[in-house]
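Hello,

Here is the structure we talked about, for you to look over. My notes follow below it.

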Amino acid sequence: MLICSMCGRELSEQEALVHKTEQGEKKIICPACFEKATGVDYKTFAFRKENAKQTLLAVVLCLAGTVYAFVERGPLWGLLGIVLTVLVYLFSSKLK
Ligand SMILES: [Zn+2]
């Protein structure tokens, strides 16, 4: 059984969150305390994290496509790929 280090509540394993304090300490806390500590509720936080992951994946894929286009089709296509990558990046960071 895990215990929230801020409010002392008992937590199930799915509920327990690891929160890194500003001092770099890792603490086990419950979602309510996470919200208090960070000002963001955990679902929003997880959603943002997931979103950032997807953005990164999209950008990496675009970059790979860019390199491929550059090598296979020449610099002009490579340039097009870079523009596309930037657009994808801007578009997905706007969604947040
Ligand atoms: Zn708590």
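**Domains, hairpin and core**

The protein is divided into domain 1, residues 2-38, and domain 2, residues 42-95. Please keep in mind that this is a predicted model. The C-alpha centres of domain 1 and domain 2 are 34 Å apart.

The hairpin is made of E3 and E4, with 5 residues between the two strands. Strand E3 covers residues 17-20 and strand E4 residues 26-29; they pair in the antiparallel sense, over 4 bridges. Lys 20 has Lys 26 of E4 as its bridge partner. In the turn, Gly 24 has a positive phi of about 85°.

The largest nonpolar core consists of 6 residues: Cys 4, Leu 17, Ile 29, Cys 30, Cys 33 and Phe 34. For Leu 17, leaving aside neighbours within four places in sequence, the contacts are Ile 29, Pro 31, Phe 34 and Tyr 42. Two of these, Ile 29 and Phe 34, are also listed in the core.

Ile 28 is also in strand E4. Is Ile 28 buried or partly exposed? It is partly exposed, because 16 other C-beta atoms lie within 10 Å, and a buried residue needs 20 or more. With neighbours within four places in sequence again left out, Ile 28 is in contact with Leu 2, Cys 4, Ser 5, Ala 16 and Val 18. One of these, Cys 4, belongs to the largest nonpolar core. Ala 58 is 30 residues from Ile 28 along the chain, and the C-alpha atoms of the two are separated by 32 Å.

Regards

Notes: Residues numbered from 1 in each chain as written. Predicted model: local features only at pLDDT ≥ 70, side-chain atom pairs only at ≥ 80, totals over all residues. Pairing = 2+ DSSP bridges. Core = buried A, V, L, I, M, F, W, Y, C linked by C-beta atoms within 7 Å. Buried ≥ 20, exposed ≤ 12 C-beta atoms within 10 Å, placed from the backbone. Contact = placed C-beta atoms within 7 Å. Domains from an automatic or database assignment.
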